[in-house]
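Visitor: I am in my first year and still learning to read structures, and I would like a close look at one single part of this one. Could you take me through the place where two helices cross, slowly, and then show me what lies around them and farther off along the chain?

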Amino acid sequence: MQRVAQRLPSCNTFRFAACTAPRRAKSGTWMEGKLAQDTELVHAGVTPDASSGAILTPLFLSTTFTQESVAKYLAKGYSYSRTNNPTVTALEKKVAALEGGVGAACFGTGMAATTSVIGGVMQAGDHCVITDCSYGGTNRACREYWSRFGMEFTFCDFRDLDVIRKAIRPNTKLIFSETPANPVLTLCDLDEISKIAKEHGAYHVSDATFATPVMLRPLDHGCDMVIQSLTKYYEGHNMMTGGAVISATQELADKMKWVQNVNGNIVNPFCAFIVAQTSKTMALRVRQQSATAMKMATWLEAHPKVTKVVYPGLASFPQKQLADKYHRDGLHGGMLWFDIVGGSPAGTKLMDTIERPWSLCENLGATESIITACAVMTHANMLKEDRLKVGITDGFIRVSCGIEDTDDLIKALDRALAGI
Ligand code: PLP
């Protein structure tokens, strides 16, 4: 008698029931049924190599692929690595499976993913409604780069659905959200924004880099596309840069692969190989980083020198209901920010004096805990007035929790705060 796993609808655990079905399986074939995300994280897209049995999809460092004959051009699916490469294909399949998409295109950076969406779905004369708080590079790409080609952008507060509705124009082609937003952590009501987009025949793309598919999958909330900077939680070890666009339809998936081929901004196979492996532990890391962030935020909130702490897990978080609706399994991620007594100069001093294990630098979502001065680093390319309007002051302290011991991190923060 064979035993098969049955998914309990209400929880993440499995119950095993007697099964009378004849046993046809053999080693190397996949069992039937839907797999949980933790299993997909390890296995999606990866197939042991047929010729050697190597458990990982090999790293194909090959520019071109020989063809058996002119008539059989592309019979094996590959011709040239700017277009497609087997290692990159494995990663694209993995990312698409994790995000619940029809297909994914993986790029050399997160910004390449963002600009490929904008350049892919918009043309001269089209309009985009975009959040006024996003990664600084996204803001710059719209304001300084794409607007040169006759595209129009309205930046507005995505916490307010009426503001989004009012910003829509007859030529609105794209609604661009980011949730949680870098760095202020405002959240978007994705279901409602997707409805607005559909009502007006526009696409809704959401940058969910801070959320990761472990916490939130925007395609489950009506979005047409998702952007991920793979540089962050997906890769998670500060080893590479990469980006992904995951699409809800075959038409959009094909368009993104076409844009990738035209622009030549595909992720290189070496980086694809790295992220295909390190992303396997993304859920473990995000759970640990979320637990650390919650403990740290709670500790900071009680500290006499701290005037404000923002973390979606705190009861004081202004959009707590949205956080609980959209973030799965009570996970709110590894990102938080705080203000201290003495304002911007004190914030800058804290970042200048924080000791290891903290690192003062850009990037986030890695195993290393990172403290970032957004005003001069990640968001320096926003206009100063736009930056201040959304609350990114000169001494804004952004924290990305790593996977070090939480108490060591808090001890170092305590020592830095004592010196203020
Ligand atoms: N989206 C978000 C939310 C980001 O934080 C970043 C980078 O910090 C990007 C996109 C761009 O990613 P990359 O640095 O890989 O180009």
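Guide: The two helices to find are helix 3, residues 110–121, and helix 8, residues 250–263, whose axes come within 10 Å and cross at roughly 105°. Please keep in mind that this is a predicted model. An angle from 65 to 115 degrees counts as roughly perpendicular, and helix 3 and helix 8 are therefore roughly perpendicular to each other. At the crossing, helix 3 contributes Ser116, Gly119 and Gly120, while helix 8 meets them with Lys255, Met256, Val259, Gln260 and Asn263. Sorted by class, the contact of helix 3 with helix 8 has two nonpolar, five polar and one charged residues. When you look at such a list of positions, it helps to remember that an α-helix has 3.6 residues a turn, so residues three or four places apart point the same way.

From this crossing you can step to Val245, which touches Ser116 of helix 3 and also Met256, one of the helix 8 residues at the crossing. The other contacts of Val245, leaving aside residues up to four places away in sequence, are Ala104, Ala105, Ala113, Val117, Met225 and Ile227. Val245 also belongs to the largest nonpolar core, a group of 114 residues in which Cys106, Met225, Ala244, Val245 and Leu336 touch the most other members. The largest share of this core, eight residues, is supplied by helix 10, residues 282–301. As a general background, nonpolar side chains tend to be buried together in soluble globular proteins.

Helix 3 has a further role in the picture, as a cover for helix 4. In helix 4, residues 136–145, the buried residues are Gly136, Thr138, Asn139, Ala141 and Cys142. What covers them includes helix 3 together with strand 4 (127–131), strand 5 (152–156) and strand 7 (203–207).

The ligand can be found from the residues around it, of which there are 15, with Thr109, Gly110, Tyr135, Ser229 and Thr231 coming nearest. Gly110 is also a residue of helix 3, and the shell around the ligand, taken by class, has three nonpolar, ten polar and two charged residues.

Next, some details of the backbone deserve a careful look. As a rule, most residues other than glycine have a negative phi, and most peptide bonds are trans. Against that background, the peptide bond from Thr179 to Pro180 is cis, with omega near -15°, and Pro180 lies in the loop between strand 6 (172–178) and helix 6 (190–199). Another cis peptide bond joins Arg356 and Pro357, where omega is about 20°, and Pro357 sits in the loop between helix 12 (343–353) and strand 12 (359–360).

Two residues are worth finding for their phi. Thr212, in helix 7 (residues 212–215), has a phi near 65°, a positive value in a residue other than glycine, and Thr212 is buried, with 26 other C-beta atoms within 10 Å. Asp329, in the loop between helix 11 (320–326) and strand 11 (335–340), likewise has a positive phi, near 55°, but Asp329 is partly exposed, with 13 other C-beta atoms within 10 Å.

Finally, we can move along the chain to other places. Cys374 lies in the loop between strand 13 (370–373) and helix 13 (384–389), and Cys374 is buried, because 24 other C-beta atoms lie within 10 Å and 20 or more are enough for that label. Not counting residues up to four places away in sequence, Cys374 touches Pro183, His379, Ile392, Phe396 and Arg398. Leu417, which is placed in helix 14 (residues 406–418), is partly exposed, with 19 other C-beta atoms within 10 Å. With the same sequence neighbours left out, Leu417 touches His303, Lys305 and Leu350, and the C-alpha atoms of Leu417 and Lys166, 251 residues apart along the chain, are separated by 44 Å. Thr307, in strand 10 (residues 306–310), is partly exposed, with 13 other C-beta atoms within 10 Å, and its contacts beyond four places in sequence are Asp339, Ile340 and Val341.

Note on methods
Residues are numbered from 1 along each chain as its sequence is written. This is a predicted model: local features need pLDDT of at least 70, side-chain atom pairs count only at pLDDT 80 or more; totals for chains, interfaces and linings use all residues. A residue is near a molecule or strand if its C-beta atom, placed from the backbone, lies within 6 Å of it. Ala, Val, Leu, Ile, Met, Phe, Trp, Tyr, Cys and Pro count as nonpolar, Asp, Glu, Lys and Arg as charged, and the others, Gly among them, as polar. A nonpolar core is a set of buried Ala, Val, Leu, Ile, Met, Phe, Trp, Tyr and Cys residues joined through C-beta atoms within 7 Å. A residue is buried if 20 or more other C-beta atoms lie within 10 Å of its own, exposed if 12 or fewer, and partly exposed in between; C-beta atoms are placed from the backbone. Helices (H or I, at least four residues) and strands (E, at least two) are DSSP runs, numbered from the N terminus. Two residues are in contact if their C-beta atoms, placed from the backbone, lie within 7 Å. Axes are lines fitted to C-alpha atoms, for helices over the stretch in contact, and angles run from 0 to 180 degrees between N-to-C directions. Angles under 35 degrees count as roughly parallel, over 145 as roughly antiparallel, 65 to 115 as roughly perpendicular and the rest as oblique.
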